[in-house]
Every structure is written in C-alpha cells, then in structure tokens.
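Reader: I'm new to this structure and would like a close look at one part of it, with the rest filled in around that. Could you walk me through it in plain words?

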Amino acid sequence: MGYRAFLERMGEVNDLLCAESVLSWDARTMMPSGGADTRAKQLATLTVLAREHLVADETRRLLERAEAETAKLPEDSVERTMCAQVREAIEYHLRIPAALVHRRAEVGSKGQHVWAKARAESDFASFVPVLEQTIALNQEMAEHIGYEEHPYDALMFRFEPGETVRSLQPLFAALREGLQPLVRAIGEKEPPRVDFLQRPFPVDRQLEFALKMAGKLGYDTGRGRLDLTVHPFEISFTRNDVRITTRVNDEWMPKSLFGTLHETGHALYEQYCDPAYTRTPFATDLVGLYAVGGVSFGAHESQSRLFENHVGRSREFWELNYGELHATFPEQLAGIDTETFWRAVNRVEPGLVRVESDELTYDFHIMLRVEIEAALIDGSLGVSELPEAWNAKVKEYLGLDVPNDRLGVLQDVHWSSGQIGTFCNYTIGNVMAGQLFHTATQDDLIRDGLAKADYRPLREWMTEHVHRHGRRYTRDQLLENATGKALDPQYYIEHLTRKYTDIYGV
Ligand code: ZN
C-alpha cells in the first residue's frame, strides 16, 4: 500500500501543476489585461503549493515506505525509477532556499515590465540593474544546486539535465564547421522569390488549413484545441487535454502554418504519452514544477522541430499537400507552383532576430546566447559589456552588424523573467530531430507513408520510441534506445546540407 499512497500523493502534485497550467493558458489566451496582477499571484501560489506538497514531511515519509516496498524490484523498474526521480527532485528543491526562489520570481515579474520598456526604447542601460540582479541571483542558485565544473551546468540542469558547458563545446564546434560554409555559399546565390507569401491570406482559412495539417500529423482535436495568441505555445493538462496556439501575421503567411506544425510536434509528445503515466512523476517535471511529460526541453523540442522542419518543410510534404493549400487560397497563390512555394518557405536569410530566423541559421543564434550566458554566470563577462560582446558574436556567426539593442541584446524575453540556462534546448532539439528522423526513415513503412501523405507510421514510431515513455528514461537513454547512439550532430548536418544544396544548387 505504501507505493500506492505515494503515487496518489504525486498525483496531487500533478493536479496542482495542471491547475496552474490551465490558469496560465487562460492568462496567455483569453484573459483581459486587467486580470494580470491577481493572476500572477494565483499562478505563484499554485507553484509554491506544489513545491511544498512535494517536499513536505508527509511526502518524504510516503516515499520512504514506497522505496522499502519496492526495494526488491529491479533498479530500472518503473516503480524504483519513479521513487528515484522523486527523491532527486526533493533533494534539488531542498538545496535551494525558498527565499531565494521567491526573490528570483519577484525580480522576474518586475523585470518583464522593465525589459518591455527598455526594448521598446532600445535602451539597454535601463535594463542593466535588473539584469545584474538576475545574474547575481542565478549565480547564487547555481552554488546551492551544485555543479562539478561550471556554474552554468547547474542552471541548465532544470531544462536539459546532464548537459554541460563542456559537452556543448564539441557539439557547437561541429555545427559551426558543418554549417558555416553552407551559409556562406548560399549568401552568394540568388534568393528564391517570396513576394506571394506577403499577400493577405484570410485568417480563418489560414487556421482551418493549419489545423487540418496538424490533424494529418496525428494531433487529436478531440483532446486538444487551437487558439490565436501573440506568442505561440503548447500546454497540456494531462494527455487528454493538450492545447496549442499559433499567431497570424498578415504579411507573412508561413508564420501561422509552420507555427502550428511546430506546436503540433510538441502536442504529439504529450497526447501519446502512456495513459498509465497520467498524474505520475513520468508526466510531471518535478524539478521545473511543470505538468509536462517530455523528458527534457530539448527532447520536447526534437518533436516540434521534426514535425515542423523534417516533415512540414520537406519537398515531399508539399508535393502531396500543396494542391489543397492552393485550393484554399486560389487568388493568393495564383500562378505559384509547388516548387516555387517549397523553395520560398525554405528561404535562408541570416537575420538579427532569433524567432524569425530560418532553419539553417537558427543554431547560430543559440550558440551565441549559450556562450554569453555561461560567461555572465562565471563572471568573465560583465553586464555592462554585454551589448559589445553580443554584437561581436552576431558579426562572427551571422556576418551582420547590429544597428540597435532592440534588435540585439534586448530581443529575448527570457532574461527578463529571471531565467538563465534555457537556450541550449533549441539546438539539442534540432540535433535530436535529425537523428530520430534519420533512424525512423530507415523503415520502408515510414518512407512509404511519407510518400503518400500518410503520417501515421512516422507518428507511431515516435510514439513507440519517444512519446509513450514520458519521463521514464533520461534523454540520453531514450536516444540510445531509439537510435542506438548518443547525441550525434552528423544526421542533422546532413539533412540541412542535402536540403539546401538541392534548393540553392551550392
Ligand atoms: Zn518549441
């Protein structure tokens, strides 16, 4: 009975975090702006309650009983893995003083206002005091969490457990070496025409088409819904209610379409988690205190990138689905053939803004952020030197001059919310997506499916190897089991090289 009571207790933690997610979805989707202040308090209260419930004496007593009861099971059994994960999460939270968590949250909520104003006015100096506090609090956090080599490793643990400054160096070096010559060669070529994507596409038809494609990829609208927001996201309250949002840009049609496919990939991870894991630690991020089933932010991102880029931006996908898109927007796409459309949605153009960057140059935005964050946290870079360091890296990696801080160091929301250490997951996701897609498409059934717009075999492969496990395995175990290899960037580099060589003839 000890294990059952322990599971029920963990179910309550999950309930609190799911309730927090519902309020968060509402805040970002439906809530009038007047509700912001009280909503922020409600969200904070639920997170605090979930943490207190997790670390409470009663939970620890139930955990001890569950551990005793399951001690004879194999170490890698579901039961013992769950117990070990909960113990690790409790120890993580107890290492960080509650007052410090509280202070960081306070600086975070204040920081967002300061940042929004600083960004609008491109005035970095006014953001400096908040950012200095944020860095200092995160440095303090890192000391409490603990690390072997670099304080930044402690901060990445919450998002990408096991990833370190040292482990990222060869990964980034391989990407630079593999992709920089390609970016340079493309820069010499004539870019594909994109003018027709900037025509007005009626919003309702955009959403209808995007949702239809999401359904084709496996998104179950009986257990989900699509809404419009300024910043697209996916959020789940158990596998049976997984919501996505997208944004519509009047002058750039691909935004809503590929935004939806991206969030669909995230949603599939949650919708196809093993039902047996509902309300358990395998469907709860007990370190980050979120109700999510994906094993790491990078693993989650692998699914969004895979369905958005490897499937949704492939020539094959549009050879099969362009007819329907064309029929939906006959005037806007008049005279535009499949090839022209496919090339347009894969245009490469090194830019200053991460969220608008293309598939090929995206990782350079990530590398520079990770390197800068690590330097801020170990103290080798001071906040006042930040714009200069940022602009130098943009020049080095993207070949661009940064005209102002709004388009430079002030562009991301992350630092203003108090968070440091989140960026590497985007690149980990890209690399994992390349590796998983390569392995999955060795299977004839999956390749045949993709060749006739039947995405079920691919989705089922991902469910079998990724989705259903929730947080059962570590990211590296999951990848080893699925592909037989540790994280390896060669598949991702090959995918990009193949695709852009084809498009640009380089
Ligand atoms: Zn994503």
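Let's start with one side chain: is Glu464 buried, partly exposed or exposed?

Author: Happy to, and do keep in mind that this is a predicted model. Glu464 counts as partly exposed, because its relative accessible area is 40%, which falls between the 20% and 50% cut-offs. This residue also has a charged partner: Glu464 makes a salt bridge with Arg468, and their closest N and O atoms are 3.2 Å apart. Arg468 is partly exposed too, as its relative accessibility is 31%.

That pair belongs to a longer list, since the structure has 34 salt bridges by the rule used here. Let's go through a few others. Asp241 and Arg243 join their side chains in a salt bridge, with 2.9 Å from N to O. Here the two ends fall into separate classes: Asp241 is partly exposed at 22% relative accessibility, whereas Arg243 is buried at 15%.

Next comes a bridge between two helices. Asp502 pairs with Arg315, and the closest N and O atoms of this salt bridge are 2.8 Å apart. Asp502 sits in helix α20 (residues 490-504) and Arg315 in helix α12 (residues 315-328), so this pair ties together parts that are 187 residues apart in sequence. As for how open they are, Asp502 is partly exposed at 42% relative accessibility, and Arg315 is partly exposed at 26%.

Some charged residues go beyond simple pairs. Glu160, Glu163, Arg475 and Asp476 are linked in a network of salt bridges.

Now for the metal. The zinc ion has protein donors from His262 (NE2), His266 (NE2) and Glu301, which gives OE atoms twice, and these donors lie 2.1 to 2.8 Å from the ion. Along the chain, the donors follow the spacing H-x3-H-x34-E. His262 belongs to helix α10 (residues 254-271) and Glu301 to helix α11 (residues 297-311), so to speak a link between distant parts of the chain, 39 residues apart. Both of these residues are tucked away by the numbers: His262 is buried at 12% relative accessibility, and Glu301 is buried at 6%.

What about the geometry of the zinc site? The angles among its four donor atoms run from 49 to 126°, and the site is irregular. It does not count as tetrahedral because that label needs all angles to lie between 85 and 135 degrees.

Finally, the empty spaces. The structure holds two cavities of 30 Å³ or more. The largest cavity has about 110 Å³ of space. It is lined by 15 residues, and the closest to its centre are Thr238, Arg239, Glu270, Thr278 and Ala283. By class, the lining of the largest cavity has six nonpolar, five polar and four charged residues.

The second largest cavity has about 30 Å³ of space. Its lining is made of Gln206, Phe209, Met253, Ser256, Leu257, Leu325 and Phe329. Two elements, α9 (203-217) and α10, give two or more residues each to this lining. So helix α10 turns up again here, having already supplied His262 at the zinc site. The lining of the second largest cavity divides into five nonpolar and two polar residues, with no charged ones.

Methods. Residues are numbered from 1 along each chain as its sequence is written. This is a predicted model: local features need pLDDT of at least 70, side-chain atom pairs count only at pLDDT 80 or more; totals for chains, interfaces and linings use all residues. Side-chain values use heavy atoms; hydrogens and water are left out. A salt bridge is a side-chain nitrogen of Lys or Arg within 4 Å of a carboxyl oxygen of Asp or Glu. Buried means under 20% relative accessible area, exposed over 50%, partly exposed in between (1.4 Å probe, protein chains only). Helices (H or I, at least four residues) and strands (E, at least two) are DSSP runs, numbered from the N terminus. Donors are N, O and S atoms within 2.8 Å of the metal (3.2 Å for Na, K and Ca); water is not among the atoms, so sites may look incomplete. Four donors count as tetrahedral if all angles lie between 85 and 135 degrees; four count as square planar and six as octahedral if opposite donors are over 155 degrees apart and all others between 65 and 115; anything else is irregular. On a 1 Å grid over the protein atoms alone, a cavity is a set of points where a 1.4 Å probe fits but cannot get out, and a pocket is an open set with protein on both sides within 12 Å along at least five of seven lines; lining residues have an atom within 4 Å of a point. Grid points are joined across faces, edges and corners, and a volume is the space filled by probe spheres set on the points. Ala, Val, Leu, Ile, Met, Phe, Trp, Tyr, Cys and Pro count as nonpolar, Asp, Glu, Lys and Arg as charged, and the others, Gly among them, as polar.
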